[in-house]
Amino acid sequence: MFATSTQRSFWMFKDENDVSNARLSANIKYISSRGRNMTVEEQELHFLNVTEEKILIMSYEYQLRDFCRKFLPPMPRYVIGTALHYLKRFYVNNSVMDYPPKEILVTCVYLACKVEEFNVSMDQFVGNLKGDREKAASIILNNELLLMQQLDYQLTVHNPFRPLEGLMIDMKTRFPTFSDPERLRSGIDEFLEQVFYTDAILIYSPSQISLAAIIHSASTSKENVDEYITKILFSEDQKRLLNLIEAVKKIRVMVRNVQTPHRDVIKALEKKLQLCCNPDNNSESPAFKKRMKQSFDDEESFEDGQYPSANSDQVRSMLMGMSEMGKI
Amino acid sequence: MDGNDQTCPKCKTTKYRNPAMILMVNACGHALCESCVELLFAKGSGACPECKCALRRQNFRIQLFEDPAVDKEVDIRKRILKEFNKRQEDFSTLREYNDYLEEVENIIFNLVFDVDSTNTNKMIDNYKKENKDITMKNRNRQSQEEIELEELLEAEKAQQSEKANSYVNAELEEKKQKHKAREKLIDELMFSDADAKSIVASHVQATAALAKEQPKAAAQAGGPVVKSSKFSSGIQIGLRQNTSSFLPIPKQQDLPLFHYSAPVFDYNGPSPPAIEVLGKLKYFANIRAANATERAGGYTEALSCCRALQEAMGGLFYIPQSGHKTAVAASAEETDDMETA
Amino acid sequence: MDYDFKVRTSVERTKVEDLFEYEGRKIGRGTYGHVYKAKRKETFATSDINKLISADQKEYALKQIEGTGLSMSACREIALLRELKHPNVINLQRVFLSHTDRKVWLLFDYAEHDLWHIIKFHRAAKANKKAVYTPKAMVKSLLYQILDGIHYLHSNWILHRDLKPANILVMGEGIERGRVKIADMGFARLFNSPLKPLADLDPVVVTFWYRAPELLLGARHYTKAIDIWAIGCIFAELLTSEPIFHCRQEDIKTSNPYHHDQLDRIFNVMGFPHDKDWEDIKKMPEHPTLLKDFKRNNYQTCSLMKYMDRYKIKADTKAFHLLSKLLMMDPTKRFTSESAMADPYFQEDPLPTSDVFAGCPIPYPKREFLSDEEQDDKSDSSKQQQQQQQQRQHASQSGNSNHGHGHHPQHPSQQGNMQGGMHPNYSNHPGHPQQQSHPQQNNSFNQRF
């Protein structure tokens, strides 16, 4: 239940400012550590600021959704929802410059599949990716543990989809004056898709979001479900009604303000990212490989000083192992 | 006498020459080393090489004492006492008991030194016949006493360990209390508006009061009542019964009872209708019905309906709050603090 | 390397072997991995004097998950355990990841005992006509706390699906003395609507003896009633020291849920269900097979009442009444955890206590350590012998497919004094991957605490 969940206890924010502040601290932390020897102006030029980061993240959220939409076997939407939650949570505490979003994105989807019991083997999974599949597998495996740690192992996510079904059932049963709520479906689905690009999922409860979706869809068709809410849902709790109305309003505003980032803007930001990103974490860079080698040499348990990303045999055996585990 | 000098009369080996040699002794009191015993009986029945009396293989025992004569006496004594097992309680006067004991010693002496064996044996047989019942009774008494003794020992052991445990527990409790008190003090100092001195003073008072309570609590946490079968004077209590597996519950008033506190599920939303009334309220028209097989397995549409409704209603009252900690900070805390959820 | 990176990786790289002492203290081994009894190493740096003074002397169970990285069930277990908080459900304290060898470690509170060992102890004592001193309300308290824990899980729409005595832990001496902890959520699931029949994903789940009849007859959807049936089996086992539906081991690898022998055993105890007892039984997928294999007449004289009567549990007792309601054949008629907890059995004297041992000394031995070499002996022809006086010293452990501080079957040892009628103890039970511990006499890690 959401009320007792870790989601509510640890991953909720007071409002959009609160979320932005958290992102800001992550951003500042990164810049101050890597740009230690720069002046403020130099830093501004070289590094991404928090707004730019936000735009970038949104573009990656779109990419995630695209990836999942085309995924085979077809991915249920609650898996996508969970993956998006993970992505958002990760980049609330970490800067985009620090960890490459492309890699984290795939890892989020992979982890979400496992947690939500959507059975895919590693082979099947990387089959949906373009490019070097082995490399992709090793990237995912490398990042999986990092992602879990950054999520503090709180992997259970409550999405708005089941509450939505509950509300629909309830409306059909207790509010028959509104004929055939199924008419609202497409509007609802679109709303729910958009809401994941906002921070609403980090501020409001999933049932509030699904109720907002219903209300929004109704109003776009010039219909009204207010009576359902006031007379039936909140009939005993009038005081809380105001709070809910406020919440729904804010959620709708957030969704309305979603702006798909422009392609050129994204391109420019990507370029900038390439320059200021952390080479230690970027698996493309030779510095990363060097670092991995070093860190493994430090470890006693790793005898041969091999590291997964370079040795394809090891990756293959890992793939075999993972695919077996992935099956059942 | 040094053990190494023991010699087998037959083969004359000593313990010195063959350290593994084991001397066996028989009813007649003469010793033979193990290998000689085997040799003797390999050829059929055996006769003791010294006294020529008929021997049986079974009767050879490993010599416990250096002097085989002692072994012989011990053996005879054991045998006799099995028959002559009367106790002091069976005699009306002490004098009679002592006479009886002397008689037993005489018999044993006679048998050991082969004095007047025929008469002695006759006496033994007579005694056996006359005292069959008492002998039987005493035998039973003996075995029971052995059991009781064993149990008493066990109970004592249990009591001891229980005491030790209770001390450990009491210590733990004390430590816990101290810790709690310290925390409380810190909390109070941090949050209360009162004067720091007075807080500390009241705290000191509270700890003193607590210290007085400790010995009381420790005493109460003592072990269970051990079932004893004898009064302190030695007289037995009641009939010996089969102990049941359950001990009577110790008379502790402050045993914490299991209080069932129904988990309070704060849905943080309007209460969904209870699962029992869903049908009546006609919810099922709007949900996929369970087919026959599913219903047979225990699944009903009420279940998924109920769950959907709970999820829908839950959280509708939610007011945004900041519950978030950055993950890095959280895990840094955890290296020291194990209580993080 | 820059400082920031170092700090970050040092936090990430808190190695479990740096923080905990667990070498040579293995207490469980199974397909899931290993479990160790662990204590915190005092070497971590802290300047906080108070923290040092009240340094953590607690004992923990450290579970190392088999294989590299995370399997789906490990993910699931972590995801679920992270959300749960209840005194009667095992508490996941922390998760450790080792980046280099991709091992996952879970840290739990240490529970000294579990029902598997406790029942075994009682069974051996019974066979040797020895008395065991336990409080009168122990069984009742155990049952109550199990129901409470399950009620919490069910209210959160989580099914345990693998309840058995080995998964019911009981805390030893300490703050939570005598508290029940339900463990091993490896098979636990969030209850799903029939969109996802759980039987499709994990065809082999619950240990046979505790498997509800609807599962054996091919039910495709798991419900809370399945957990309740298992609890009923455990209750009966606590009352009689025998697994109520004991049955010889079958091949657990088959994905076919139908098990003839197990059903036969159930009918032998409960009797063959009448039509009015379970109307929908005809709709079960394996019903035709059932009709083919079984004849009602064979079980005419069988009933739960008769079975329990042999163990002196009379039908007019509240205990029996509750048991019969937990072991109803029809899952829809079976008690729920709430109705079970409201049963008058728990209002009758003696009342259940939060310390199941009710302050009395704990007669059960502590866990013993396993050596690293173990023979994998799956033969169920090896009859295990219980040792009489060894009971208190060498409670050896049987391998188990779950976390609950796994156990090993007894090694066949030749102890001479087995008088008093050998108890027909069970051979290697199915569902527990059999692993024998190294003969204990040679076990250098066999320490008693």
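**Cysteines**

I began with C:Cys302, which is buried at a relative accessible area of 17%. Worth noting up front: this is a predicted model. The cut-off for buried is under 20% relative accessible area, so C:Cys302 counts.

Next I looked for disulfides and found zero over all chains. B:Cys306 is in none, and its nearest cysteine sulfur belongs to B:Cys305, 7.3 Å away. A disulfide needs the two sulfur atoms within 2.5 Å, so that pair does not qualify. I also checked cover: is B:Cys306 buried or exposed? B:Cys306 is buried, with a relative accessible area of 8%.

**Chain C**

I went through the totals for chain C. It has 449 residues, and 64% of them count as buried. The secondary structure comes to 14 helices and 14 strands. Of the contacts in chain C with a separation of 6 or more, 75% join residues 24 or more positions apart. I noted an accessible surface of about 16600 Å² for chain C, with 52% of that belonging to carbon and sulfur atoms.

**Chain B**

Then I pulled the matching entries for chain B. Here I have 341 residues, with 29% counted as buried. I listed nine helices and six strands. For contacts in chain B with a separation of 6 or more, residues 24 or more positions apart account for 51%. Chain B exposes about 22300 Å², and carbon and sulfur atoms supply 55% of it.

**Confidence in chain B**

How far does the predictor trust chain B? The average pLDDT is 71, and 66% of the residues score at least 70. Where is confidence lowest in chain B, and where is it highest? Helix α9 (residues 327-334) of chain B is at the bottom with a mean of 43, and helix α3 (residues 94-112) of chain B is at the top with 87. I marked residues 327-341 of chain B as a stretch with pLDDT below 50; it has 28 contacts in the model beyond near neighbours in sequence. I also marked residues 234-254 of chain B, where pLDDT stays under 50 and the model has 37 contacts beyond four places in sequence.

**A patch on chain B**

Last, I looked at the surface. Which residues make the nonpolar patch of about 200 Å²? They are B:Phe65, B:Val70 and B:Val74. I placed B:Val70 in helix α2 (residues 68-83) of chain B. At 35% relative accessibility, B:Val70 is partly exposed. Patch residues need over 30% relative accessible area, so B:Val70 clears that cut-off.

Technical notes. Residues numbered from 1 in each chain as written. Chains lettered and ligands numbered in written order. Predicted model: local features only at pLDDT ≥ 70, side-chain atom pairs only at ≥ 80, totals over all residues. Heavy atoms only, no water. Helix = DSSP H or I, 4+ residues; strand = E, 2+ residues; numbered from the N terminus. Buried < 20%, exposed > 50% of the residue type's maximum accessible area, 1.4 Å probe, protein only. Contact = heavy atoms within 4.5 Å. Areas by Shrake-Rupley, 256 points an atom, 1.4 Å probe, with all protein chains shown as cover. pLDDT = per-residue confidence, 0-100. Patch = residues over 30% accessible without salt bridge, like charges linked within 9 Å, V, L, I, M, F, W, Y side chains within 5 Å. Salt bridge = Lys/Arg side-chain N within 4 Å of Asp/Glu carboxyl O.
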